[in-house]
Amino acid sequence: MMNKDLLIEITPTLSKVRTRNGAAIDMLANFLMFDDQSSQFVTVRGKVRRRTNATYISLFDLQDKTFPSGLLSVVCKQLKKENFSFDIVSKENPVPPNNEPTSWLRQEQHEAVERALYRRRGILWIPTGGGKTEIAIGLTMRVPTKWLFVVHKKDLLHQTAERYTRRTGKKAGRIGDGIFDTEDFTVATFQTLARGLAKKDPLVQGFLKGIGGLIVDECHTLPATSFLKVIMSCENASYRIGLSGTPLARGDKRGIFAIGALGPVIYRIHPDTLIKAGLLAKPTIYMMRLEQNSTKPTWQGVYGDTVVRSALRNKSLVEISKLAEKPAMLFVKEIKHGQALEKMIRKAGVRCEFIWGNKITPQRTAAIRRLERGDIQVLIVSVIFQEGVDIPSLRSVIIASAGKSSIAAIQRVGRGMRMYENKKEFQVWDFFDYGHKTLEKWSKARKKAYLAEGYEIIEK
């Protein structure tokens, strides 16, 4: 360690601190402790109450003196700030990149690949329509190692594998949906890998240990404990790249886990860049003012009064469904809300259909086709349609569910951003709620998310 305060040994998953300086250990332990905002509420006798005692998460293991390697850059920055000297030793053994041509990539996609090759660890912040899968394929072609591309839906499992084969002419392995077939490039669902680890399946354990490169689609899902365990089990993956359009927008602040497992944001393609280049349609957000309140003692009761059973909101949604450009997609959170709106909108003379999460994939696909053909004008959907659904002809997105999630807000907008024929713009209809402090807080959060993406907002 020479005369330095600390020596940090880096592996793909964890970085180990070697030091006899107790003050440095105390500093790291405090610095890597976070308030667990996902645990700040508890249900007592059917009512949701805020915890009186704080719950904390520590990302520094005091016994082993280790922390997730994705946090290395922020740890080094803090060590310098606190005037601790340190050396870094890498225990990684990455496969060096080759010069395989990736000429099909656009300039910004090529830059994303080069940044990922240089940094080897981090998150690529790419909007819907920005070509996340193409960037991932380009990256795998540049590094000849065993690659794992992790998704969280079986629809995406097959879509990604087929895209890889079309682009490269090579077979992609698949793990999930009853399949366990590995290749140099393998697409797998989180759920299948997590179940395998939970059962200590030697096939899954051995496969994950043999991975040299890891790509995680929609990496904002990582804070889920089972998902994180899968990623940290890829102990020899020196290339660790996350893909997302909303990587750090979690309201519970647990995005720090994604950074720990993969690294910080290392490259971003802003939606406005692609809109100006004519590669994405421009959204205009219409936020309709809606004032109402509820005296119900539970949040479930408030949500029922002001969203699901709200005559004022639902009447407005019927009018929006008539006014919005078609085809349109309308998002709800609860099945009974979707069923009620389906009846009301049909009665108003608008052809519509409601499809939700328990519908199997062929039924969902058939409903999308009916929307594209014009057999129906409005497709009412649950949250399962927020990700991984491409309907380029979509002209309007209608938000009926309220909600505070910035991730969900941006994902829903993303459903309409694909270009199609003469489509250059599309509409997003949402509400700005007044009268109840929680609903108003949620509306402000969604508005802030829209503004952060550079979208135009028109309040009515």
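**Exercise 1. Work out the layout of the sheet that contains strand 21: which strand order does it have, and which strands sit at the edges?**

Start with the order: this open sheet of 7 strands runs 19-20-18-21-22-17-23, with parallel pairing. Strands here are DSSP runs (E, at least two residues) and helices are too (H or I, at least four), numbered from the N terminus. Two strands pair if DSSP finds at least two bridges between them. Next, the edges: strand 19 (352–355) and strand 23 (456–459) each pair on one side only. Then the twist: on average, neighbouring strands are turned by 20 degrees against each other, direction ignored.

Before going on, a word on the model. It is predicted, so local features need pLDDT of at least 70 and side-chain atom pairs count only at pLDDT 80 or more, while totals for chains, interfaces and linings use all residues. Residues are numbered from 1 along each chain as its sequence is written, and side-chain values use heavy atoms, with hydrogens and water left out.

**Exercise 2. Zoom in on one strand pair and find what packs on the sheet: which strands does helix 12 lie across?**

First, the pair: strand 21 (residues 396–399) and strand 22 (residues 425–434) run parallel over 3 bridges. Within it, V397 stands opposite V428 in strand 22. Now add helix 12 (residues 311–323), which lies across strand 17 (282–291), strand 18 (328–331), strand 20 (378–381), strand 21 and strand 22. Helix 12 runs at about 165 degrees to strand 22. Angles go from 0 to 180 degrees between N-to-C directions, with axes fitted to C-alpha atoms, for helices over the stretch in contact. Helix 14 (residues 361–373) also packs on the sheet, touching strands 18, 19 and 20, at about 160 degrees to strand 19.

**Exercise 3. Characterise I398: is it buried or exposed, and what does it touch?**

I398 is found in strand 21. Its relative accessibility is 0%, so it counts as buried (under 20% relative accessible area; exposed is over 50%, partly exposed in between; 1.4 Å probe, protein chains only). Leaving aside neighbours within four places in sequence, its contacts (heavy atoms within 4.5 Å) include L317, I320, F331 and W429. I398 and F331 are 67 residues apart in sequence, yet 6.2 Å apart C-alpha to C-alpha.

**Exercise 4. Why is helix 4 described as largely enclosed?**

Count the buried residues: 10 of the 11 in helix 4 (residues 132–142) qualify, so the rest of the structure largely encloses it. Among them are K132, E134, I137 and R142.
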